[in-house]
Amino acid sequence: MTEMYIPKNKIDDAVQEMMAQHKVFAPVLQGRFHDFAPLSSPEEVDWECRNTRLSPKGLFHRHSERMFDYSLSKDDPEAGILKESPKDFSPRVVLNIRPCDARALQLVDVNFDTPEYRDPWWVKRREATTLVGLACNDPCSTCFCGSVGTGPFDAAGVDVLLVDAGEGYVARACTDKGEGLLAEIASGEPVTAEIREKVEALKKQAETSMADLHLNLDLIAEKDMKELFNEEFWEDVHFSCINCGTCTFLCPTCWCFDIQDEVYEGKGMRLRNWDSCMYPLFTLHASGHNPRDQKLQRVRQRFMHKFKYYLDKYETATPACVGCGRCVQHCPVNIDIREVVRRMAASCVCPA
Amino acid sequence: MSEWEPKIVAFLCNWCSYGAADLAGVSRFQYPANIRVIRVPCSGRVNPKFILAAFRHGADGVWVSGCHPGDCHYIEGNYYARRKFALLKNLLEHVGIEPGRLHFSWISSAEATKFAETARQVVEAVQAQGPSQYFVKKEAEVA
Amino acid sequence: MREYTEKIREAARRLLSEKKVDAVIGFRKGTLPFMNEPCIVKHADQADRLYWDGNCGVNLANYLAKRADRVAVVAKGCDSRNIMVHVLENQISRDQVYILGAPCRGMLDRRRILAELGGKDPLRVEEQNGKIHIEGRDFGLTLNREEYLQENCALCTHRNPVEYDELVGELVEEQKDVDRYADVREVEALSADERKAYFQELIAPCIRCYACRNACPLCYCPTCFVDESRPQWVGKSLDPVDTMTFHFLRAYHCAGRCTDCGACERACPVGIKVRQFTKKLEKDVLELYGYEAGLDMNERPPLDTYRTGDPEDFIK
């Protein structure tokens with residue numbers, strides 16, 4: 001697979017070359033935080049960004065998605081017929097996505113891209129997008145990707161992996177799509193053996209610098225689901241949760257949504273908005289029954305879904321969590337997923 | 001702009017202000033036809049959600065009218081309303097709605113002239129502001 | 001304020017073993033610098049979990065509405081006022097709550113402090129004598145506590161609990177000559193168009209996560225107005241009109257009840273200054289009706305009562 005070295009003083013040219021054929025999204029500083037935004041010039045990219053606040057899942061599974069339009073006007077011969085809203089699926093590049101977030105997109109594929117159902121918006125955007133990952137030389141203290149089956153230099157979900165080797169970036173194509181993108185870049189130089197060694201060293205350093213949580217995920221996979229469901233520690237874990245939904249909105253693997261029609265003066269549209277299992281009304285049935293109207297049930301369901309049901313149902317090797325740490329950093333009441341999973345994996349229930 | 005006629009939603013309390021409107025009609029008083037009346041049992045029934053919903057659905061102005069303090073059919077409904085509306089008007093204007101769009105009045109069922117006069121004032125004030133553009137939802141701004 | 005920890009633990013142990021309460025609600029030390037987690041302790045031997053320091057900004061009154069048991073709560077000034085509001089609104093009865101009053105010198109604004117670190121991770125934090133000492137892997141920084149308080153704490157005039165059954169620390173001096181509404185007046189001075197632009201920009205990053213609503217102790221409605229569907233008052237998408245409607249109505253629902261505890265701003269993941277809505281209402285309620293929320297058990301909340309001479313110059 002193609003490899004090239006792009007010195008830092010040429011990286012803006014390389015990004016400009018990408019912009020010639022694609023719409024490029026990259027982390028841009030907005031106020032105190034970074035978020036993925038479409039670039040109008042390569043200088044907007046903040047290469048020092050550790051990670052964005054909102055995950056890049058919003059680029060594929062839009063926060064509010066207009067699905068269909070229709071008319072309810074009596075004079076319209078096409079009244080009542082749902083028409084797909086026009087979208088822009090032109091080629092895009094998501095630049096500097098972290099390996100955890102890219103891996104998260106693969107975990108969400110399991111839901112939106114199945115043999116039976118393919119969500120047209122998700123699938124078309126995934127196909128139109130080339131992911132250029134940026135390996136993490138310096139994982140945050142809240143990161144734990146290495147403990148959930150991925151890692152700071154994991155190329156599993158990306159088409160091209162960039163590594164910051166000090167004076168420049170090493171770009172390695174990981175898929176055919178990645179090859180295609182690197183072919184458009186003229187500013188690349190060959191990779192020397194010295195640089196290759198440096199990359200290896202950086203990888204080792206990043207992997208060891210991250211605290212290993214010693215999470216024995218096999219224990220969770222093997223434990224009987226009902227037993228884990230009825231454990232006593234959930235009483236202790238759930239209390240502080242305020243059901244605010246921040247964790248689900250920031251999480252790169254959460255995808256729950258709510259579909260609603262909005263009609264104004266004879267014109268209607270069907271919208272899909274992000275929803276959160278943390279809200280009390282999330283599981284309200286039309287009959288009025290609500291199987292998860294207690295906070296404990298909802299809090300338990302979140303962790304069980306990510307670390308148990310997902311493993312059981314999809315027989316994936318990894319849980320539906322990539323260790324990005326956003327929920328840890330932003331939960332207003334400091335519910336720490338690392339602590340909760342540790343308790344799930346512990347074979348005895350130990351009081352804190 | 002000369003084509004545009006303001007649409008004003010008026011919440012009138014059944015016992016006083018609605019009676020005044022009725023009396024104005026029976027007495028053949030002339031006042032602008034831009035008012036669309038919603039009859040409520042008492043001005044205290046009017047919830048700020050209604051006023052925002054009116055703006056949302058395209059009302060250029062909203063007018064709420066009830067009995068004079070002390071004369072409420074339900075004794076004290078309009079006293080509570082008075083406090084609600086003071087805070088609501090202040091906050092709405094604070095977030096940038098033009099002052100001429102939201103009006104309140106006390107009109108008793110005998111005050112047909114006052115009703116017609118107030119209607120004229122309200123329509124004039126809203127006309128001066130132009131079509132409402134704040135809190136109006138034509139369709140969800142979602143691409 | 002860390003000295004309170006011992007007193008809180010001792011009180012918890014005592015109250016639980018004497019069965020005066022069924023549970024004690026307080027904080028336990030967080031897993032991250034500048035964060036602590038609210039926790040509930042139901043046995044005297046768990047009392048040592050409780051902890052207190054300058055990062056206990058979450059309003060614990062949020063966990064009290066509609067509880068059926070007797071609880072002791074560690075309450076700062078703002079928390080105690082919210083407990084009073086809960087009692088006034090019949091969400092809990094006064095004799096169900098044993099208030100452990102915690103006089104407060106202000107809580108730290110975690111996000112503003114993290115912004116000073118330029119993306120670096122804080123690993124150890126020590127607070128001493130009005131200074132915050134932060135250490136990371138390859139840096140150290142000392143900040144003045146007074147400059148990094150939560151915005152509402154910097155303007156607080158009710159640091160001492162207004163109602164308590166027991167104190168876990170010495171009463172502190174209330175701040176004097178605090179201009180609580182300088183920022184509101186600045187906005188009031190703008191023209192209508194400028195104000196509209198100001199507020200639209202303020203809420204532009206909103207992702208409708210409702211963290212502000214859920215962190216607020218006053219928002220305890222079983223069905224929030226955003227979830228009402230017949231009729232639907234506000235849409236669920238990111239449409240700007242809907243977002244403005246949500247923030248406006250939510251603030252309005254807190255009129256005369258909000259104690260400016262700052263839980264909403266603290267919880268917002270995108271850092272919106274939602275208090276700009278509620279502070280205007282707080283100012284109006286004070287100026288028009290002379291009322292401050294949660295201070296007097298014998299006064300009804302302002303929208304639940306009236307005086308015959310209430311201002312009505314805006315009514316024709």
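What percentage of the 352 residues in chain A is made up of buried residues? Buried residues account for 43% of them, where buried means that 20 or more other C-beta atoms lie within 10 Å of a residue's own, exposed means 12 or fewer, and partly exposed is in between, with C-beta atoms placed from the backbone.

The model is predicted, so local features need pLDDT of at least 70 and side-chain atom pairs count only at pLDDT 80 or more, while totals for chains, interfaces and linings use all residues. Residues are numbered from 1 along each chain as its sequence is written, and chains are lettered from A and ligands numbered from 1 in the order in which they are written.

**Stop 1: chain A as a whole**

Select chain A. It holds 12 helices and 11 strands; these are DSSP runs numbered from the N terminus, helices being H or I with at least four residues and strands E with at least two. Along the principal axes, the C-alpha atoms of chain A fill a box of roughly 70 × 65 × 40 Å. The radius of gyration of chain A is 22 Å, which agrees with the value near 20 Å for a compact globule of 352 residues; the radius is taken over C-alpha atoms, and the globule rule is 2.2 Å times the number of residues to the power 0.38. Of the contacts in chain A with a separation of 6 or more, 71% are between residues 24 or more positions apart. Two residues are in contact if their C-beta atoms, placed from the backbone, lie within 7 Å.

**Stop 2: the sheet of chain A**

Now show the strands. An open sheet of 7 strands in chain A has the order 1-9-8-7-6-2-3, with mixed pairing; two strands pair if DSSP finds at least two bridges between them. Its edges are strand 1 (3–7) and strand 3 (33–38) of chain A, each paired on one side only. From one strand to the next, the twist averages 25 degrees.

Select strand 1 and strand 9 (residues 168–173) of chain A: the two run antiparallel and are joined by 5 bridges. A:Pro7 has A:Gly168, in strand 9 of chain A, as its bridge partner. Then add helix 4 (residues 176–183) of chain A, which packs on the sheet and touches strand 1, strand 6 (92–97), strand 7 (129–134), strand 8 (160–164) and strand 9 of chain A. The direction of helix 4 makes about 135 degrees with that of strand 9 of chain A; axes are lines fitted to C-alpha atoms, for helices over the stretch in contact, and angles run from 0 to 180 degrees between N-to-C directions.

**Stop 3: two residues of chain A**

Is A:Glu200 buried or exposed? A:Glu200 counts as exposed, because it has 12 C-beta neighbours inside 10 Å. Its place is in helix 5 (residues 193–209) of chain A.

Go next to A:Asn334, in the loop between helix 11 and helix 12 (337–345) of chain A. Its phi is near 60 degrees, a positive value in a residue other than glycine. A:Asn334 counts as buried, with 22 C-beta neighbours inside 10 Å.

**Stop 4: where chain A meets chain C**

Display chains A and C together. Here 33 residues of chain A are in contact with 33 residues of chain C. Helix 9 (246–250), strand 10 (257–264), strand 11 (267–274) and helix 11 (326–330) of chain A each supply at least two residues of the chain A side. That side has 14 nonpolar, 12 polar and 7 charged residues; Ala, Val, Leu, Ile, Met, Phe, Trp, Tyr, Cys and Pro count as nonpolar, Asp, Glu, Lys and Arg as charged, and the others, Gly among them, as polar.

**Stop 5: chain C and its contact with chain B**

In chain C, select C:Arg230 and C:Pro231, which are joined by a cis peptide bond with omega about 0 degrees. C:Pro231 is in the loop between helix 7 (211–215) and helix 8 of chain C.

Add chain B. The contact takes 36 residues from chain C and 34 residues from chain B. On the chain C side, helix 8 of chain C gives the largest share, 7 residues. The residues of this side divide into 22 nonpolar, 4 polar and 10 charged.

**Stop 6: chain B**

Finish with the open sheet of 4 strands in chain B, whose order is 2-1-3-4 and whose pairing is parallel. Strand 1 (residues 8–13) and strand 3 (residues 61–66) of chain B pair over 5 bridges, and B:Ala10 stands opposite B:Trp63 in strand 3. Last, select B:Phe135, in the segment after helix 4 (112–129) of chain B. B:Phe135 has a positive phi of about 70 degrees although it is not a glycine, and it is buried, with 24 other C-beta atoms within 10 Å.
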